[in-house]
Structure formats: C-alpha cells, structure tokens
Amino acid sequence: MADLLHCLTRRKKITQEEKTNTELSKCLTTWDLTSLGIGATLGAGIYVVSGQVAASIAGPAVIISFALAAVTSILSGLCYAEFGARVPRTTGSAYAYSYVTVGEIWAFIIGWNLILEYMIGTAADARALSACFDYVIGNVIRNLTLTYIGEINTPGLGTYPDIVSFIVTIIVTIVLAIGVKQSSTFSTIFNILNILVVLFVVVAGIFFVDTKNWTEGQGFFPYGASGVLSGAATCFYAYVGFDIIATTGEEAKNAPKSIPVAIVVSLLVIFVCYFGVSAVITLMVPFDQLDKLSPIPNAFVQRGFPLAKYIIGIGAVCGLSSSLLGSQFPLPRIIYAMASDGLLFKSLAKVNPRTEVPVIATVYPGLLTAIISLLFDLNELVEMMSIGTLLAYTLVSLCVLILRYQPDATEVPSTYLLHFAAEPEQDAYEKLSSPDYMTDEWDYEISTNRMVPTPNAADSCREYLNKGLSAGELTKSYRGNTKQFVQNKPRRGPTAQSLRIVQWAATLMFFSFIGFCAAIVYGLDALQRQSYVIVMFLVIFGILILFAIVVICLQPQNAKKISFRAPFVPALPMLAIFFNVFLMLKLSRLTWIRFGIWMGLGVLLYFGYSIWNSRERNRMLQGQGSFDRQVLLAENLDSMDIEYEMETIPAHRDDVEDFPPSPFKWDSL
C-alpha cells in the first residue's frame, strides 16, 4: 500500500538539461503570447454566450456575471503566472505544474481533463463559427444539409451533421501542424479584425442605447441573485482559454517574464470587451427579446441597422476562427507533454524535425475533434466545458499556496551545521579515503565554491562551539597552510515540518470550502427561510475554514525571489479555490455524470498503462542500487535529483568498507 501511494504521489524532477534543451521552437514573444491568449478566449463567449446568459439566466445583470467570472479567472490567472515563473518546463500547462509540485496522479487527472476541455472547446467554437457564418448568408448551409442529407434523430447529437465545422477544424489542424510561428501570425491577424469589430459594436451601439431596458419591465435583476451566480458559472466558459499562454513555456523566448505579463494583459482586455458588449446589447434591446444564437447582429437588426449584421458577421467569423485556433493550440502540447513523461503512448511525443511541431499529437486529436464538431450539438458541448477547467484552476491555485510554504531543495535542515572548508575536493577526497578517517557515520552536506568539508573543518566547528560561538557568527581559523571557515547558519524559512502543517491545513480548508459552498448552493432557499440546519452547517464549515486559514498564515513563507510572484498570498489562491469550487457546484448533474464517465476511462488508462510506463518510475528504477560519491556543488544542485531513503542511507552500516565515507554529512540520521 505504501509503495502504491509513493507511485501515485511521485513528483517530476526537472534536470538542468531539461530546463535548457527542448525540441520545440523558441520563437514566441510577449506580444505573440498575449495575442494567442486573447484569440483563444475572445470568441464564442462574446458572440453567443453573452446573449444566452442575458436572455435566459441573468438578464441585464449579465454584466455582473461577467465581472464575477472575470474575478475568478484573474485570481487563477495570477496563480498560473507565478507557476509560469517557477516551473521552467511549462509545456502542458497545469499538468506540468502539478506534476512538479503535487504528484503524478493529480497531474494525470488534470492533464486528462484538459484534453477533454480543449477538444470540446475546439468543437464548440467550430459549431459556433458555422452557425454565425450560416446566419449571415441566410441559413443556406443548414437548409441544403437538411434537404440532401437529413436530420440526426439521436438524443445528445446535433439536429444535422455540421460539415462546415468539420472542414474548419481540419483546416485549423493543418495550420497548427505547419508550425507554431505561422499559427501565431494567423491568430494575430484575426485578433486585430475581431477587436475592431468589438469596438464597432460598442461605439455603434451607444447610439441605440435606451436606459429603460435596465430600469423598467422586470428590472436589472429579473432572475435575482441566483440568476447572477448561475450566469457567472456559465460566463466562466467565456474566459476559458487564457491558460493557453501557460502551455507555451518551451516555445517562448523568455517564458518567466513573458507568461505572467501575457496572462494578466489578455484577461484585462477580454474583460473590457465582454463588459462593454454585454452592457450595450442589453441597453439596445430588452433582454427577453435577444436572439440566443446570434444576439449581437440581431440586436442591430431590431433597431433598424441591418447593415451591421454583415460587419458583425465578418468579425464573428474572424473572432471564432482565432478562438478555434486558440482552443486547439494547447491540445497537442498537453498530449506531447504527457507522452514525453510516459503517461500517454510514446508515439504521441514524436516531433517533426522540420516544423518542430508534435505532428502525431496534432493530427489525430484534431481529426477526433473534427468528428465531434460534425455530430454533436453546441449546447451539449458547452455543458462539458467548465468542469475540467475549474478543476485545473483549483489545483493550480492549491499548488501555488503550497509552494509558498515549501522549503528550497538546496537548503539543509536547520538542526545541522554547514561547514565551508577552503580545500579542493580532490585533496579532500584523498584525506577522507585514508584509514584515519574511516567511520560508520553517513553525513551529507552541501559544498560551495568547489570546496568540501574536511575532518579539520569539523574539528574547528567543535572547537569554536566549545568556545561559545554564537549563531550567525563567522570565525576564521588557520591550520597549517590551509584557510578554513566555519559557519553556523540557522534556518529562518519554511521547514519540512511547517510544509506538512500547511498541506494538512490546505486539505482541511479545501474540503471545508466544498461543504460551505454546497450548503449555499443547494440550501439557498432553506437559508432564505432561516433554516437552522443550513445555518449550523455554515457555522461549522466556517469555523473549520477560519482555523485552517489561521494555521496556514502562521507558517513561514518561502522568500525565494522569482521573476513574478502572485500578490496577496495566501489570500489570493484561497479566494481562487473558493470561487472555483463554488462555480463547479453550480454545474448541472448531467455534467457531473459525464465527467465521471470520462474520469473512469482515465483511471483505466492510468492504472493499465501510465503507472507502468511513467518516466519517473523508470528513473527511480534506474537509480536503485547505485551509489554516487559525487560532490554536491551548489552550482550543480538544480541539475541533480537528491532523495534520501533511510533503507539506502542508514545512520549506521556494517558494510562501511564497501562504501567509503562521503564528504557530505548528516550527523544525526
């Protein structure tokens, strides 16, 4: 059981070679990443979702729903940005982040759900693009298809096969297979046209604004607070896509700086566009008269400006094309990352040497996505979009929270003394190999400046400690012709014990969030009737949440400087987790059932293939039975995987003659 748990929670080790070497082309600038993020997000949300939410879920308060969804996305986006700065090999987005920080099983779950998310997102964008294009030309394609092919009378599928969406998805797959820089150029051109059309909608719509649409009739909140919250859960779909930026870490020229900037800028631009368009269309036309499939052009037609239908139609096609590209762009990269780690089939990790693109991981998933877009209805596809994304965002925020309290791997425990001896490692090894220094104590320490601890250094430490050397003081001594330094360096940052406390407290907080949000979502009506049972649950879970938060806040944080750190930690990731959990619980029961089926398939794949072919498993097996007396130089620590197993490195051994003592010590194992 312990071995199985160890396999499920093993974390990916990133070597120095993996940080610097990649088969993918490093050609994307900050502008390219921002453009990809905007293109991936600013599509079906603005041309379809805004009208659907306003007409049937939230009314004019859709602007508040978009704002709440934006806050949730920005919170998660800042966590993504810190991960992009912390984890150098970021191809695979939340999958890669979680593999490095929390363990293999969680990484597989996230990666498996992101594959589903991007396939469904691409198919949904393709169906929306087809519907907008067909609306502009007078539903010609739909009528021809129904006449010559007929309807599909299967529940869950579309009313007719959407050939346009199939062809468009195949074209985008080919564009992605050609090369990443060409993909970015394609996205940038369409983004410019899309934003120009959005500006046209806002500016032209101002001339048709009527404030009575917000104040009269059913008012600004026709569906109440519940409608606003349900609308926020649906509007969250409109922000899905910014995490495409985090999947390009191996293709960005300066990932640690470009990724955080691109994420924040793209989310702000997207929010301004959604807020402006949703406000204008609900002020132009009463919310209950909005067309659910093409709300924006239909609103202008109702106000006597039919020419706008064609202008907006062109923008919708461009925007949805860019969104389609953005939705499919990260799909092959996540598959490539998982296949490279052995969690998916190895053939999916092959990169074409000419285009520097994982062609197999691009073509076959693209073909499957095209088939999905051909057969499935848009509404059915959208329902499955959010749950995998929200789960990924939740775990990313949880990882950022834990990482802030994780000690650096290069630090030694505070209970041990760190000795610095000005003696070359070769000379030190000669002394340590002599019979005079044979010992059965196994000690490990870190060397800096290519110097290693020697017996004299240890003697010097004891000597100065006996003289009352205070913590933090630095004393120099001379023995013969060798200059030696001894330093007692106390630990002030996080420790392994404080990290365990944070992990348990974060787990308690996460499950308390689930209980608290469930009581609000499913007991809202009872709460309005002042039900004592619901109030009791809220009080209990609230106390547990406060207790966990206080415990986490009392622990020391890691002060390591990186190119970007999310502000207001731990408050920011805690809020992100809370909002994500809340929105997940607002999703329909059918979505949870489908999610369970997809997860069941993933579990079968993981335990049938992935757990046995994991690259980390092979690395662990290759490391068993080997012993390396290499000096642990400070500049080499990033490229080394160091694990201490008590069975492998006990405090006392009988076979010391077979294993000469190492120059690095743990005096108290």
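This is a short chat about ring pairs and one glycine in a predicted model.

Biologist: What should I know before we start?
Modeller: The model is predicted: local features need pLDDT of at least 70, side-chain atom pairs count only at pLDDT 80 or more, and totals for chains, interfaces and linings use all residues. Residues are numbered from 1 along each chain as its sequence is written, and side-chain values use heavy atoms, with hydrogens and water left out.

Biologist: When do two rings pair?
Modeller: Rings of Phe, Tyr and Trp (its six-membered ring) pair if their centres lie within 6.5 Å. Planes under 30 degrees apart count as stacked, over 60 as edge-to-face and the rest as tilted.

Biologist: How many aromatic pairs by this rule?
Modeller: The count is 24. One of them joins F516 and F578. Their centres are 6.2 Å apart, with 50° between the planes, so that pair is tilted.

Biologist: Where do F516 and F578 sit?
Modeller: F516 is in helix α22 (residues 496-522) and F578 is in helix α25 (residues 571-585). They are 62 residues apart, so the pair links distant parts of the chain. Helices here are DSSP runs (H or I, at least four residues), numbered from the N terminus.

Biologist: Why is the F537 and F541 pair stacked?
Modeller: Because the planes are at 15°, with ring centres 6.3 Å apart. Both lie in helix α24 (residues 532-553), four residues apart, about one turn.

Biologist: New topic. Is G304 buried or exposed?
Modeller: G304 is exposed, at 60% relative accessible area (buried is under 20%, exposed over 50%, partly exposed in between, with a 1.4 Å probe and protein chains only). G304 is in the loop between α14 (295-302) and α15 (307-328).

Key. Helices (H or I, at least four residues) and strands (E, at least two) are DSSP runs, numbered from the N terminus.
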